[in-house]
Amino acid sequence: MNPSTPPTAQADEQAALWAARLDGSELSAADQRELAAWLAADPAHRPLLASYCQFSADLEQQLPLLAGVRDELAESPTASMAVRPFPWLRRPAWAGATLAAAAALAVFLWPGQPQNHSQNLGTAVATRQEFTLPDGSQVELNAQTAAAVELTATERRVRLAGGEAFFRVAKDPARPFYVETPAGSVRVTGTAFNVRTESAASLEVTVREGSVQVRPGGGGAPQNLTGGDRLVRDAQQINLARLSAGQLDDTLAWRQGRIVFADTPLREALARFARYHGRTLTASTAAAGKRVGGNYSLDDLDGFLAFLEETEGMNLRVSRETDGAIRVRLPDES
C-alpha cells in the first residue's frame, strides 16, 4: 500500500465512528472482533484510527484554551479570513464525550474557498447553547454535548460524539447534511430534528419538520422519518413511533430548559438530570423502578429531589454523600 494515498471517505467515516465508540464506551466482544476485522482489512486503517483517537485526546487537553482563542479571533479585524493552523485540528473528528468547558472555534482550511469550513462545538455541564453555521443551519446543544462540524462544497457533516442536539438545517439539495453518531447516522437536505446519543449503542432521532433518513449502526436497514416520527435504537432493538403534538413538544422541552417525564422509571429520570448536571445520581434497586411524571426545570435539581421526598406516594429518601454523589432510596433502606 502507498502510505501517501489519501483515505477513502468511507474509511475516514468508519475511523471516526470507531474512535467515538472507543472514547464513549467499552467495546463488547463482538465489537472487538468487528474492529479487529476492520483493522486487518487494510494497513491504512490502523494509523487512520490512531489519528482520530489522538485528535480526541488533544481536543480534551486544549479545550480550556479555546475561550481565549475565541476572544482573540473576535478582536481581530481580519480574523474571519485568517488561517489558524492549530496542530490538534489536523483532521475533523470526534470530540470527547465528557467536555468540561464550552467552546466554539471556526477554522477556514482553504482561504478563497469559504465553503470549506471546520468547527468544533461543545457545552459544559448545566448549560445549553445555540450556534449558527456558515450555511445558515442552526444547532442547539444540550449540556455536556460535543460535536465536530465540517462543511464542504459537496456535503455538510456533524459528528456528534455524545449528548443531545437540535438541528434546523438550511435547505441545500446540492449539499446533503449528515449527522453521525456512534450508533448510526442521519441524512437530510433541509429540515428540523433532534438527535440524542448517550452511548455507542443508543440513538434517538425525533423529527419536528420535513423528513430524514436514519441509518442505524451495525448494518440496520435505513429508516425514513417524517415530522412527528421518533426512532429509538438501543442494544437490542429499533423502535419507530408516531408522536402526538404534545409528545413532540415534551421531547424538545430541553430547548426551553425543561424536561418532561411521563410514567418514566426513576432510574431514567435520574440519568437525565445526571447527564445535564455532570453529577452522580443513583437509586437503590427498589427505588429505581418507581415511576415519575411531570414537567421540571432542568436547572433545578434540588427541586426535583425535593419532589421525590415530599410527594405523597413516592415515599423516597435522598442521601447526599461527601463526594457529591446523590442516592435515592426507600425509607427502610440504608
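**Note on ring pairs and charged side chains**

1. The charged end of Arg 255 is placed over the ring of Phe 166, at 3.8 Å from the ring centre. A second arginine is arranged in this way: the charged end of Arg 157 sits over the ring of Tyr 178, 4.3 Å from its centre. Both values, like the others in this note, come from a predicted model.

2. Arg 157 also takes part in a network of salt bridges, together with Glu 150, Glu 155, Arg 159 and Glu 180. The count of salt bridges in the structure comes to 17. Three others are described further on.

3. Aromatic rings also pair with one another, and the structure holds nine such pairs. One of them joins Phe 261 and Tyr 296, with ring centres 5.8 Å apart; the planes meet at 40 degrees, so the pair is tilted. Phe 261 belongs to strand β15 (residues 258–265) and Tyr 296 to strand β17 (residues 291–297), so the pair ties together parts that are 35 residues apart in sequence. Both Phe 261 and Tyr 296 are buried.

4. Phe 304 and Phe 307 make a stacked aromatic pair, with 6.3 Å from centre to centre and 25 degrees between the planes. These two residues are three apart in helix α7 (residues 301–310), a separation of about one helical turn. Is each ring buried or partly exposed? Phe 304 is buried, at a relative accessible area of 1%, whereas Phe 307 counts as partly exposed at 24%.

5. The two pairs in points 3 and 4 belong to one cluster: ring pairs link Phe 261, Phe 273, Tyr 296, Phe 304 and Phe 307.

6. Asp 299 is found in the loop between β17 and α7. Its salt bridge is with Arg 128, and the closest N and O atoms are 3.9 Å apart. Arg 128 is in the loop between β2 (117–122) and β3 (129–132), so the bridge ties together parts that are 171 residues apart in sequence. Both ends are partly exposed, Asp 299 with a relative accessible area of 44% and Arg 128 with 32%.

7. Arg 275 and Glu 198 form another salt bridge, with 3.4 Å between the closest N and O atoms. Arg 275 is part of helix α5 (residues 266–277), while Glu 198 is in the loop between β9 (192–197) and β10 (203–209), so this pair ties together parts 77 residues apart in sequence. Glu 198 is partly exposed, at 36% relative accessibility.

8. In the salt bridge between Arg 320 and Asp 302, the closest N and O atoms are 3.5 Å apart. Arg 320 lies in strand β18 (residues 317–320) and Asp 302 in helix α7, 18 residues apart. Asp 302 counts as exposed, at 52% relative accessibility.

9. Arg 329, in strand β19 (residues 326–329), deserves a separate point. This arginine is buried but has no salt bridge. Which side chain of opposite charge is nearest to Arg 329? The answer is Glu 333, at 6.5 Å; a salt bridge requires a distance within 4 Å. The side chain of Arg 329 does, however, reach the backbone oxygen of Glu 333, at 2.9 Å. Leaving aside neighbours within four places in sequence, Arg 329 is in contact with Ser 284, Ala 287, Leu 316, Arg 317, Ser 319 and Ser 334.

Methods:
Residues are numbered from 1 along each chain as its sequence is written. This is a predicted model: local features need pLDDT of at least 70, side-chain atom pairs count only at pLDDT 80 or more; totals for chains, interfaces and linings use all residues. Side-chain values use heavy atoms; hydrogens and water are left out. Rings of Phe, Tyr and Trp (its six-membered ring) pair if their centres lie within 6.5 Å; planes under 30 degrees apart count as stacked, over 60 as edge-to-face and the rest as tilted. Helices (H or I, at least four residues) and strands (E, at least two) are DSSP runs, numbered from the N terminus. Buried means under 20% relative accessible area, exposed over 50%, partly exposed in between (1.4 Å probe, protein chains only). A charge sits over a ring if NZ of Lys or CZ of Arg is within 6 Å of the ring centre and within 35 degrees of the ring normal. Lys and Arg count as positive and Asp and Glu as negative; His and the chain ends are not counted. A polar contact is a pair of N or O atoms within 3.5 Å; within protein, one must be able to donate a hydrogen and the other to accept it, and residues adjacent in sequence count only if both atoms are side-chain atoms. Contact means heavy atoms within 4.5 Å.
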